[in-house]
Amino acid sequence: MNWIAVTSIYKFEMARFFRTMTQSFVSPVLSTSLYFVVFGAAIGSRIQEVEGISYGAFIVPGLIMLSVITQSISNASFGIYFPKFIGTVFELLSAPISFIEIVLGYVGAAATKALFIGVIILITAFFFVDITILHPFWMVIFLLLTCVSFALFGFIIGIWAGNFEQLQLVPLLIITPLVFLGGSFYSISMLPPVWQVISHFNPVVYLISGFRWSFFGAADVPIVTSLFAIAGFTALCLAVIWWIFRTGWRIRQ
Amino acid sequence: MPDIVEIHNLRKAYSDGFEALKGVTLNIKQGEILALLGPNGAGKTTLISTVCGITTSTSGSVKVGGHDTLTDYRAARAMIGLVPQEINLEPFEKVISTVRFSRGLFGKPKDDAALEKILRQLSLWDKKDSQIRALSGGMKRRVLIAKALAHEPRVLFLDEPTAGVDVELRRDMWEIVADLKADGVTIILTTHYIEEAEAIADRIGVIAHGELLLVEDKNKLMARMGKKQLVVQLTKPVDTLPKALVSDAVTLSEDRTKLIYTYDTRAERTGITKLLSDVAAAGLVLTDLETSQSSLEEIFVGLVKEDAA
């Protein structure tokens, strides 16, 4: 294993993150604060408790997941797409490194960035609502798994994308609706029966449900199902990435 | 010198049927400078990309330092540095960080002293903290070379390193290449500039339509394929060639004041002595003698035309 190469990619990507500090940190903090103001204070004050939890606190796990998922995808997809776009990808392809090392470097950095943002949002949330985390260990596990699995997914999008429009296509048209409809701001049990059934086909439901369980001990789906769902998604992304590097799809001529 | 790069029957065919490489076999000696000449689309960049691992070959094999580039790619690639044709650099990165990144990618531990030596050698040390976007085109090319040298490769591929650069920078590049050769680095460069190959290469390879037409020592190639001409300047014009001088090898210039004698440098006898005797016997008085040799460019154009025919 070429660990020096892995850490080089990781540090290089993290340096990009810290260079764009405003975009990296201030933007998610600001947007989360706005969510709290709009959904927590303005609308939330008119909503009774959800499953025995105040609405302001109820949306915290969903908000964290919303940012973590989108940030994992955008960081990882941009991380690998940008070298393709400007042509520096030749360096990766001609270096004595395996695809596992490339993935570890890029996905590791993207997941770390998303994790930072998740933690920052959690800290921000403490300023707006009272939250207690019932299962901190599982909260960390869910957060880590989500960061890694969606960074893997973002990596695939970055390799697939042929231009900046395509880079934004999947996050905007698929991921954002799935996250919003995945119970970020409500409990699935609040939906009509038909929509409850349909929601179970949304993989994000399992993530948010599991993550929310780690905070409040209440979940829309069993915790084990949530864990299996995220593990399955991670395995699927890994399999696709393995295939990409084996065939050189969209990377190697 | 042993062969450091061994390319055997390398083929590259694309899904649309286009064959970019048609069974190229080429051995490159350790420490030499090999110039690959060829027109656009000849397969020069494909050949380099395949050796470096950027393009996957359809068949054939490549070994670098005895390591197969597919089965033992880590050892093989660790020996290779590549300077691409395009200026591919991240504009917002600093020179030192992008060079450091390249070294790390090749698994070499941080060594700022080694990087300083490379940057000084390339006159980039003063610019080490500058962002790439602030550099001139020539400086950016130097950064590409610095990145390729950051892991101290034994084989350096330069894909048209002087394309589009001014004469001064081109001369600088030649000096850099000469210095690298002195350090024992094997250099393979592709170029459109015949004078570049003529000036710095030890051997010349000519590639066209995915086939390697020849690889030969530059001097031998020029001696073998180069024809020499002897121009005899006469004091006054002559109407026709004297009978003793009439042959395929001798022509009269348009202004009828020069005899042009073409001869083969490889021949045991060039025929110059007899020619001068015949000139004297014919009563012609000469004022000057001049010889010229065909350039590599003429040889190259001839070869490519021959291949196309």
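## A buried helix, a six-stranded sheet and a chain contact

In helix α3 of chain B, the buried residues are V95(B), T98(B), V99(B), R100(B), F101(B), S102(B), R103(B), G104(B) and L105(B). That makes nine buried residues out of eleven, so to speak a mostly covered helix, spanning residues 95–105. Keep in mind as you look around that this is a predicted model.

**What sits around α3(B)**

- What covers those buried residues? The cover includes α4 (112–121) and α5 (137–149) of chain B, along with α1 and α4 of chain A.
- Just past the helix, look for G107(B): α3(B) is followed by this residue, and its phi is positive, near 80 degrees.

**Where the two chains meet**

- Chain A puts 19 residues in contact with 25 residues of chain B.
- On the chain A side, α1 (3–19) and α4 (89–94) each supply at least two of the touching residues.
- The largest share comes from α1(A), with five residues.
- Sort the chain A side by type and you get ten nonpolar residues, seven polar and two charged.

**The six-stranded sheet of chain B**

- Chain B has an open sheet of six strands with mixed pairing, in the order β6-β7-β8-β3-β9-β10.
- Why do β6 (80–83) and β10 (211–217) of chain B each have one side without a neighbour in the sheet? They stand at the edges and have a single partner strand each, so nothing in the sheet flanks that other side.
- On average, neighbouring strands here are turned by 15 degrees against each other, ignoring direction.
- As background, strands of a sheet pair through backbone hydrogen bonds, in either a parallel or an antiparallel way.
- For a parallel example, take β3 (residues 33–37) and β8 (residues 186–191) of chain B, which pair over five bridges.
- One residue to find there is I33(B), whose bridge partner in β8(B) is I187(B).

**Helices on the sheet**

- Helix α6 (residues 167–182) of chain B packs on this sheet and touches β3, β7 and β8 of chain B. Its direction makes about 155 degrees with that of β8(B).
- Helix α1 (residues 44–52) of chain B lies across β3, β6, β7 (155–159), β8 and β9 (203–208) of chain B, and runs at about 150 degrees to β7(B).

**Chain B as a whole**

- Count up the secondary structure of chain B and you have ten helices and 14 strands.
- Its C-alpha atoms fill a box of roughly 80 × 45 × 35 Å along the principal axes.
- The radius of gyration of chain B is 25 Å, while a compact globule of 309 residues would come in near 19 Å.
- Of the 309 residues in chain B, 38% are buried.

Notes: Residues numbered from 1 in each chain as written. Chains lettered and ligands numbered in written order. Predicted model: local features only at pLDDT ≥ 70, side-chain atom pairs only at ≥ 80, totals over all residues. Pairing = 2+ DSSP bridges. Helix = DSSP H or I, 4+ residues; strand = E, 2+ residues; numbered from the N terminus. Axes fitted to C-alpha atoms, helices over the stretch in contact; angles between N-to-C directions. Contact = placed C-beta atoms within 7 Å. Nonpolar A, V, L, I, M, F, W, Y, C, P; charged D, E, K, R; others polar. Buried ≥ 20, exposed ≤ 12 C-beta atoms within 10 Å, placed from the backbone. Rg over C-alpha atoms; globule rule 2.2 N^0.38 Å.
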